[in-house]
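Let's take a friendly walk through a protein model together. Have a look at the structure below, and then we will go through its parts step by step.

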Amino acid sequence: MLSHTVDGQGELTPAYASRYLTRSVPRNRLPEERMPPEVAYQIIADELNLDGNPALNLASFVTTWMEPEADRLMAATLGRNYIDAEEYPQTTEIQSRCVAMLARLFHAPDGGRSVGTATVGSSEAIHLAGLALKWRWRQRRAEQGRPADRPNLVMGHNVQVCWEKFARYFDVEPRYVALTEGRWVLGVEEAVELVDENTIGVVGILGSTYTGEYEPIGELDAALTDLNARTGWDVPIHVDAASGGFVAPFLRPDLRWDFRLPLVRSINVSGHKYGLVYPGVGWVIWRDHRQLPEDLVFHVNYLGSDQPTFNLNFSRGAGQILAQYYNFLRLGRAGYTEIMTGLEGTARYLADSVARVGPFEVLSKPGTLPLVCWRLRGERPYTVFDISARLRQRGWIVPAYTLAPDAEHISVLRVVVREGLSRDMAELLVSDIGRAVQDLERRAQGDPAARDRTGEGKTRGVC
Ligand SMILES: Cc1ncc(COP(=O)(O)O)c(C=O)c1O
C-alpha cells in the first residue's frame with residue numbers, strides 16, 4: 001500500500017508492558033532504544049490479532065496454507081536472493097524447470113524451449129506480457145514504415161485492476177468491451193469491433209475475477225484469425241489465466257484456451273492462487289522466443305556472470321519459486337487434479353445450497369473457477385452488504401462488491417473455494433448464511449429480537 005507520512009506522536013503501550021517493558025514505544029517514529037526480540041515479536045503478533053483469520057478468508061484466491069515441508073523449505077531459503085544466479089545456480093535452474101513444466105502444461109509448441117519467467121504475481125507478469133505485445137507491435141509498424149504512436153489494447157470491462165495499471169503506466173489506450181445483463185465477460189463480436197491496426201493485442205481472461213467465468217478464448221481466436229486474414233494485421237491474444245491456469249488443465253483438459261490456439265502468444269498465471277503457493281509468485285510464459293523482443297531483455301553482468309533478465313524489479317526472495325517446484329514434485333498432475341476436483345465439488349455444493357437458503361440467484365457457472373458468486377433476487381429490505389457484515393460477526397470474510405463497470409448496479413457476494421474450505425466448513429457457512437438472511441428478514445418486519453447489525457459499503461479491488 002502507498003503510505004503517507006503519519007502525523008502525531010502515537011505511542012504503543014502494550015498491555016504486558018509492566019512485565020516486559022516499562023516504557024511506551026513510539027508508533028510512527030523509529031524508537032531511540034532497542035528492545036528484546038521477544039517483546040518486539042509479541043507487540044507485532046498482538047496487533048496482528050486484529051487482522052482477519054486467513055482460514056476464514058473466503059475473499060481471496062491467494063493460498064493461506066501449505067504443507068509443513070513447504071514451510072520448512074521456505075524458512076530455510078528466506079535469505080536467498082533469487083536474482084543472484086551466480087551464487088544460487090540451482091535456484092535459477094529450478095526456476096527454469098518450472099517455466100518448462102508450465103509451458104508444457106499450456107501446450108507450448110516447443111515446451112522444453114519456451115521462454116518465461118517467475119514474477120511476483122500475475123500483475124508483474126501482465127506488465128511484462130503487455131510490454132512484449134507493445135514492442136512486437138512497434139517492430140511490425142516500423143517494418144511497414146508506419147507510425148507507432150497510438151497503441152491500444154482491447155479487453156473486457158471485467159479485467160482486474162492490473163490491466164488498467166498497465167495501460168496507464170505504459171501509455172497504451174485501454175479499449176473496454178462493455179458488459180451487458182447476463183454477459184459478465186468479454187463478447188467476441190464486440191471485442192473485434194474495437195480492434196484496429198494499432199491494437200497490440202486482445203486479452204482473454206481464464207476465470208473472471210468477478211464471477212469466475214472463462215472468457216470464450218477459442219471463439220476469440222477464430223474471430224481474430226479471420227480478421228487478421230482479411231486485413232493483413234497480426235493481432236494476437238494474451239490469456240490472463242491468473243486463476244484458471246491451474247484449474248482448467250486439470251478439470252477441463254480438452255478446453256482449448258492455451259497455446260493450442262495459434263493466436264495465443266503469452267499466458268500469465270499466479271502460482272500463489274490455484275498454484276497453491278504462499279503469496280509472492282506468478283509466471284509469464286511466451287509461446288516461443290520470437291514473442292519476446294530481445295531488446296526487452298537486460299543482460300546484466302552481475303557478480304561474475306551474464307544474466308538475462310526480464311522483470312520489473314531486481315531482488316526478490318527465492319522461497320516462493322522453490323515452493324512452487326515443491327508443489328509440482330509433490331502433487332504432480334494427479335495431485336493437482338484431485339485437489340481441484342475436490343474444490344469443484346465443494347463449489348457445487350455451495351452453489352446449490354446457497355440458492356436454497358435465501359432469495360438468491362447464483363451468477364457463477366459450473367465448470368469454471370471453483371467459486372460461488374450470487375446476488376439477491378428481487379427487491380429486499382436489506383442488501384448483500386448487510387449479509388456480508390453479519391457473516392463477518394461470525395468470523396467469515398465473504399466480500400460483497402459491485403460488478404465491473406457497466407454492471408455496477410449489480411451487487412454480489414462471492415466465496416472463493418480454496419483448500420482450507422472443507423465440506424464441513426462449507427456446511428457451517430451455509431447455515432450461517434441462512435441464519436443471516438432470516439435475521440435480516442425478521443428485522444425488516446420489525447421484530448425487535450432481530451439484532452440490528454448492518455454494514456453498508458462496497459468492496460473494491462477484489463483479487
Ligand atoms: C484475472 C486476474 N488477473 C490478474 C490478477 C492479479 O493477480 P496477482 O494478485 O497475482 O498480481 C488477478 C487477481 O485476482 C486476477 O483475478
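## A pair of strands to begin with

Strand β13 (residues 371-376) and strand β15 (residues 411-416) run antiparallel and are joined by four bridges. One of the matched positions is L371, whose bridge partner in β15 is V416. Two terms help here: strands (E, at least two residues) and helices (H or I, at least four residues) are DSSP runs, numbered from the N terminus, and two strands pair if DSSP finds at least two bridges between them.

Before going on, please note that this is a predicted model, in which local features need pLDDT of at least 70 and side-chain atom pairs count only at pLDDT 80 or more, while totals for chains, interfaces and linings use all residues. Residues are numbered from 1 along each chain as its sequence is written.

## The sheet and its helices

β13 and β15 belong to an open sheet of four strands with antiparallel pairing, in the order β12-β13-β15-β14. Why is one side of β12 and of β14 left without a neighbour in the sheet? β12 (360-362) and β14 (400-402) stand at the edges and each has a single partner strand, so one side of each stays free of a neighbour. On average, neighbouring strands of this sheet are turned by 35° against each other, direction ignored.

Two helices lie across these strands. Helix α10 (residues 319-357) lies across β12, β13 and β15, running at about 15° to β13. Helix α11 (residues 384-393) lies across β13, β14 and β15, at about 35° to β15. For such angles, axes are lines fitted to C-alpha atoms, for helices over the stretch in contact, and the angles run from 0 to 180 degrees between N-to-C directions.

## A parallel pair

Elsewhere, strand β4 (residues 152-156) and strand β5 (residues 173-177) run parallel, with five bridges joining them. N152 stands opposite E173 in β5. From β4 the chain crosses through helix α6 (residues 161-169) to β5, in a right-handed β-α-β crossover. Right-handed means that, with the strands pointing away from the viewer, the path from the first strand over the helix to the second runs clockwise.

## Domains and core

The protein is divided into domain 1 (1-50), domain 2 (71-327) and domain 3 (337-444), with bounds that come from an automatic or database domain assignment. The centres of domain 2 and domain 3, taken over C-alpha atoms, are separated by 30 Å. Where they meet, 18 residues of domain 2 are in contact with 19 residues of domain 3; contact means C-beta atoms, placed from the backbone, within 7 Å.

The largest nonpolar core has 124 residues, and L102, M155, V202, I285, V372 and V412 have the most contacts inside it. Helix α10 gives the most to this core, with 13 residues. At least three residues come from each of domain 2 and domain 3. A nonpolar core is a set of buried Ala, Val, Leu, Ile, Met, Phe, Trp, Tyr and Cys residues joined through C-beta atoms within 7 Å.

## Two partly exposed residues

Is L251 buried or partly exposed? L251 is partly exposed, because 18 other C-beta atoms lie within 10 Å; 20 or more would make a residue buried, 12 or fewer exposed, and partly exposed is in between, with C-beta atoms placed from the backbone. L251 lies in helix α9 (residues 248-251). Its contacts, leaving aside neighbours within four places in sequence, are M340, T341 and E344.

Y88 sits in the loop between α3 (68-76) and α4 (89-105). Y88 also counts as partly exposed, with 18 C-beta neighbours inside 10 Å. Not counting residues up to four places away in sequence, Y88 touches R80 and A318. Y88 and A318 are 230 residues apart along the chain, and their C-alpha atoms are separated by 9.6 Å.
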